[in-house]
Amino acid sequence: MRCAGDLIDAGPHLEVPRRADTAGWRALTAVLDSGLTFYGGCCGTGPGYRPRTPREVRERLLLSERQGIPVAEALATADTADSRPSRR
């Protein structure tokens, strides 16, 4: 595969999608473009949640827009349902 852009040090916990998984590559591109990486925290805890599908990316971008939080923070949110204000 030929890369068209600059290389990014994504971190040791990166799981690369299969070459033919275009949806997985789109999701990974969104994560990396937001500035998130796949470096773990202390004690081998891993990098935390990262979306793996375009749908998960869209859900988190909507969360970012609705809540007014940075895109990187929204993309690292595991469950968007827990992050929404309750409707009463």
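This section describes helix α2, the salt bridges and one loop residue of the structure. The model is predicted.

Helix α2 comprises the 14 residues 54-67. At 1.5 Å a residue, a helix of this length should span 20 Å, and the C-alpha atoms at its ends are indeed 20 Å apart, so the expected and computed spans agree. The residues of α2 that are buried are P54, V57, R60, L63 and S64. An α-helix has 3.6 residues a turn, so residues three or four places apart point the same way. Just after the helix, G68 adopts a positive phi of about 70°.

Three salt bridges are found in the model. Side chains of opposite charge can pair when their charged atoms come close. Two of the pairs involve E59. In one, E59 is joined to R55, with 3.4 Å between the closest N and O atoms. Because E59 and R55 are four residues apart in helix α2, about one helical turn separates them. In the other, E59 pairs with R60, and here the closest N and O atoms are 3.2 Å apart. Through shared partners, these salt bridges join R55, E59 and R60 into one network.

The members of this network fall into three classes of solvent accessibility. R55 has a relative accessibility of 57% and therefore counts as exposed, the cut-off being over 50%. E59, with a relative accessible area of 27%, is partly exposed. R60 has a relative accessible area of 4%; because this value is under 20%, the residue is classed as buried.

A further salt bridge is formed by the side chains of R52 and E15, with an N to O distance of 3.6 Å. This pair links distant parts of the chain, its residues being 37 residues apart: R52 lies in the loop between α1 (22-33) and α2, whereas E15 belongs to the segment before α1. Both partners are exposed, R52 with a relative accessible area of 55% and E15 with a relative accessibility of 54%.

Beyond α2, T77 is located in the loop that runs between α3 (71-75) and α4 (80-83). The relative accessibility of T77 is 15%, which is under 20%, so this loop residue counts as buried. The side chain of T77 reaches the backbone oxygen of E73 at a distance of 2.9 Å.

Conventions:
Residues numbered from 1 in each chain as written. Predicted model: local features only at pLDDT ≥ 70, side-chain atom pairs only at ≥ 80, totals over all residues. Heavy atoms only, no water. Helix = DSSP H or I, 4+ residues; strand = E, 2+ residues; numbered from the N terminus. Expected span 1.5 Å × (residues − 1). Buried < 20%, exposed > 50% of the residue type's maximum accessible area, 1.4 Å probe, protein only. Polar contact = N/O pair within 3.5 Å; in protein donor to acceptor, adjacent residues only side chain to side chain. Salt bridge = Lys/Arg side-chain N within 4 Å of Asp/Glu carboxyl O.
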